[in-house]
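Colleague: I'd like to learn how to read the global features of a fold. Can we go through one together?
Modeller: Sure, here it is.

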Amino acid sequence: MELPFAESYKIKMVETIRRSTQIEREKWIKEANYNLFNLKSSQVFIDLLTDSGTGAMSDKQWAAMMLGDESYAGASSHQNMKDAIKNIMGFDYFLPTHQGRAAENVLFSVLVKEGDVVPGNSHFDTTKGHIEFRKAKAIDCTIDEAFDTNNLHPFKGNIDTEKLEKVLKQYPKEKISFIVLTLTNNTAGGQPVSLANIKEVSALAKKYGVMLLFDSARFAENAYFIKTREHAYANYTIKEIVLEMYKYADLATMSSKKDAIVNMGGFIGFKNEEIFRKACTYNIMFEGYITYGGMSGRDMNALAQGLDEGTEFEYLETRINQVTYLGNRLIEFGIPVQRPIGGHAVFVDAKKLLTHVPKEQFVAQTLGIELYLEAGIRGVEIGTILADRDPVTRENRYPNLEFLRLAIPRRTYTNNHMDVIAVALKNVFDRRETIKTGYKIVWEAPIMRHFTVELKKI
Ligand code: F0G
């Protein structure tokens, strides 16, 4: 008999979590103004709000923390991080930042000017926020297949090179800050970008004299999909694939809270010394001195170790198998999800599930609240609330897809938790015909409203 699959780690430390009653949850979600971000973590049983900074560090990462060098300048921890980034991604220059959006803030201060355009594949919301804040425009060139949840394209994160070339032809190169490739494409469902697509995009970037930036938050999960789905790379190690991917990047912004498996941290990778030097000034202003930039020495040490562990095949196989396990259980129950299942999360197609809730009443948010009421599970809306209003018309932007994202923290929950999530969502699915109304906004911020929005039940 073939041995079943099992996790590539065992558990050394645990944290207690608590179930709650439906009556408690009804009270808490109302007090939270129906915004899942406003819930206290003690009010949540299984927390799938994000896979960002919520993973479990390894014994080796905790050991590395004890060796952190907290010198203001020139700490050995900075050197450890520099070596890890050079060895794994090949960047000669880097700047530490406190998280991914801080890396965007520093780098975009150098490169994004008013009136610029930034083509890419479904820019993440902070990326888009930092572009629009500078009065530039993010242009989504993701392939159309990404918007059909049943299309089994293996690389739904890819850029449509025709759409991209149209943008590159339309604007002079001085107006194009850079092209951004988000690996994996979070907003489209944790969907990977193939190496073939990376090469094509790089060739277009070179042809038109534009730089290529990798938004690297989940670069290792992307490499796992290349190994398992792109034939030419089946015999490469993950680390070899990562080096191959980054051959084509001029720049990288990294949220280390994902694939470097730390609770806080980020960085910018550069190949060009001049851009690095310009960014140093902004790093000192916004983040901290260039050899720590918003991070403690101990955190830089844990990050260096995490980059190494996060690019090991066995770890990634465990990780992606767990996400796939949850996705497959939902598919067995007939629940509509983005397929193939992505790297860090299962994306539930809320419009197909709650067919009676009008789009003006925030379908994915409604589903997220129902799942919380059902079992104390917290997901996040990737839909109309997240999409914000159009900066010019101030109308709601209704994205093609309304997702409830169930993001799985790394090395944190077991497959028993996955079973609870699947059954809870099935129970919501079974009573879907009774859910006919959603929510209305009573207060919202002018930009990135989803974090603080206040809602009322209709
Ligand atoms: N880029 C991508 C693709 C991301 O998913 C995120 C964060 C960032 C950049 C920004 O990084 O949070 O360290 O400032 N994504 C989190 C999420 C918040 O839940 O998907 P950060």
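Colleague: How much area does the chain expose, and what share do carbon and sulfur atoms supply?
Modeller: Accessible area comes from the Shrake-Rupley method with a 1.4 Å probe, and for residues only the protein chains shown count as cover. Here the chain exposes about 19400 Å², and 53% of that comes from carbon and sulfur atoms. Mind that this is a predicted model, where local features need pLDDT of at least 70, side-chain atom pairs count only at pLDDT 80 or more, and totals for chains, interfaces and linings use all residues. Residues are numbered from 1 along each chain as its sequence is written, and side-chain values use heavy atoms, with hydrogens and water left out.

Colleague: What percentage of the residues count as buried?
Modeller: Buried means under 20% relative accessible area, exposed over 50%, partly exposed in between (1.4 Å probe, protein chains only). In this chain, 57% of the 458 residues are buried. Cysteine 141 is one of them, at 1%, and cysteine 280 is buried too, at 11%.

Colleague: How many disulfides does a search of the whole structure find?
Modeller: A disulfide is a covalent bond between the sulfur atoms of two cysteines. The test is a pair of cysteine sulfur atoms within 2.5 Å, and the search turns up 0.

Colleague: And among contacts between residues at least 6 apart in sequence, what share join residues at least 24 apart?
Modeller: Contact means heavy atoms within 4.5 Å. For this chain the share is 73%.
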